[in-house]
Amino acid sequence: MSKIKITAVSTMLATSMLLTGCGLFGGEDVAEEIDPPQDVEYTKDNQKIKEEAKETTKEKESKKAEETLTREVYLIDKNGFVVPQTIDVPKADAAAAEIIEYLVVGGPIDQMLPNGFRAVLPAGTEVKSVNLKENGTLVVDFSPEFKEYKAEDESRILQSLTWTLTQFDAVKNVQLQINGYDQKEMPVNKTPISEELTRADGINMQTEGITDMTSTSSATLYYLSQNADGTYYVPVTKRLDLGKTDEERFTAVVDSLINDVPKGLVGDFNNEAALVAKPEYEDGTVTLTFNKALLNSAEKSQLSKHVVDALALSLTEQKGVENVSIEVKGQKNITVDSGQKLTEEVSRPENINAEAF
């Protein structure tokens, strides 16, 4: 029986890194600034010969790594979903205060937007101040332009800000102000605002068909969508009957991934795919055993990378889950659909939707 072990890798940076160098709230970078290579021009026989400094691919990548940091920003796609996109930003822009600028219409994100995506905050919105409290609450004070959004974007703005800012380990929750005044509700559609906005509030919430909220719990799952640039993952928070045991909890997540794809999104699972044994949980690892319908091709022992990623992303959202081990009954030497053999350990995508850029 073939086993695939998926190790979750956090996209958040360590707090110690946030508070040094470029820091959580900005400040000068301690790294020495590197001047870009300058073009040199010569005149010979009345013709200009342009000589550019040459760098190897490795040198360019190394230089880019020295000058930039990877961050996630949550943008709105063509279907209205709030979606993470991973971008490389200058170190000076990598702190919490500066990263908000990449959520503003007309800001630096405009030159980086994937096909069909848009920024979430109204043009002209500025951050007047940020303050991180000892309990991990990040208080963000916006300029009055923050109010100039369409009503239908209200919940999307709350989700984008919360999920973008809580990627920093030091930030546990977010509190909003406008011109120094705490906001108890959003200014346009009057959506109530909790004093502590957290990821537990959900993203792209799907509550259709739920009549009894007390018998269900929130779970964030990852589905697929497409644009002209390719395929990307969309997080969706649902209300599921997660049961009372770990076995019931993980089974509910897997069943929803396969059989309950939200409108406007797709899944890469065969609808006949199913667990053939109860999930097992030990020391942060969930072991799942599927039938052969999980594979794209049983003859080739081929599995979709999207299936692996969706399981990894969704299950590691569950409390206490750090790794996922996937088994396909009666199948050995499984490969991904690209033909690459799967090693024993496959990491959870460190940078979600980075390929869109």
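**Reading burial, helix ends and ring pairs**

Tutor: Let us begin with helix H6, in which Val307, Val308, Asp309, Ala310, Leu311, Ala312, Leu313, Ser314 and Leu315 are buried. Please bear in mind that the model is predicted.

Student: How many of the residues of helix H6 are buried, and what follows for the helix?

Tutor: In general, an α-helix has 3.6 residues a turn, so residues three or four places apart point the same way. In the present case, helix H6 spans residues 305–315, and 9 of its 11 residues are buried, so the helix is largely enclosed by the rest of the structure.

Student: Which residue caps the N-terminal end of H6?

Tutor: The cap is provided by Ser304, which places a side-chain oxygen 3.1 Å from the backbone nitrogen of His306.

Student: How should one read an aromatic pair, and how many does a search of the whole structure find?

Tutor: A pair of aromatic rings is described by the distance of the centres and the angle of the planes. The search finds 5 such pairs here. One of them joins Phe117 and Tyr232 edge-to-face, with 5.1 Å centre to centre and 65 degrees between the planes. This pair links distant parts of the chain, 115 residues apart: Phe117 lies in the loop between helix H3 (96–99) and strand S6 (127–132), and Tyr232 lies in strand S11 (residues 230–240).

Student: Are Phe117 and Tyr232 buried or exposed?

Tutor: The cut-off for burial is under 20% relative accessible area. Phe117 has 7% relative accessibility and therefore counts as buried. Tyr232 is likewise buried, with a relative accessible area of 2%.

Student: What is the geometry of the pair formed by Phe142 and Phe146?

Tutor: Phe142 and Phe146 are stacked, with 4.5 Å centre to centre and 20 degrees between the planes. Phe142 is buried at 1% relative accessibility, and Phe146 is buried at 1% as well. Ring pairs also bring in Tyr149, linking Phe142, Phe146 and Tyr149 into a cluster.

Student: Where is Lys147 found, and which residues does Lys147 touch?

Tutor: Lys147 is found in the loop between strand S7 (137–142) and helix H4 (154–165). Not counting residues up to four places away in sequence, Lys147 touches Ile178, Pro187 and Val188. Although Lys147 and Val188 are 41 residues apart along the chain, their C-alpha atoms are separated by 6.9 Å.

Student: What is the relative accessible area of Lys147?

Tutor: The value is 43%, so Lys147 is partly exposed.

Definitions and conventions:
Residues are numbered from 1 along each chain as its sequence is written. This is a predicted model: local features need pLDDT of at least 70, side-chain atom pairs count only at pLDDT 80 or more; totals for chains, interfaces and linings use all residues. Side-chain values use heavy atoms; hydrogens and water are left out. Rings of Phe, Tyr and Trp (its six-membered ring) pair if their centres lie within 6.5 Å; planes under 30 degrees apart count as stacked, over 60 as edge-to-face and the rest as tilted. Helices (H or I, at least four residues) and strands (E, at least two) are DSSP runs, numbered from the N terminus. Buried means under 20% relative accessible area, exposed over 50%, partly exposed in between (1.4 Å probe, protein chains only). A polar contact is a pair of N or O atoms within 3.5 Å; within protein, one must be able to donate a hydrogen and the other to accept it, and residues adjacent in sequence count only if both atoms are side-chain atoms. Contact means heavy atoms within 4.5 Å.
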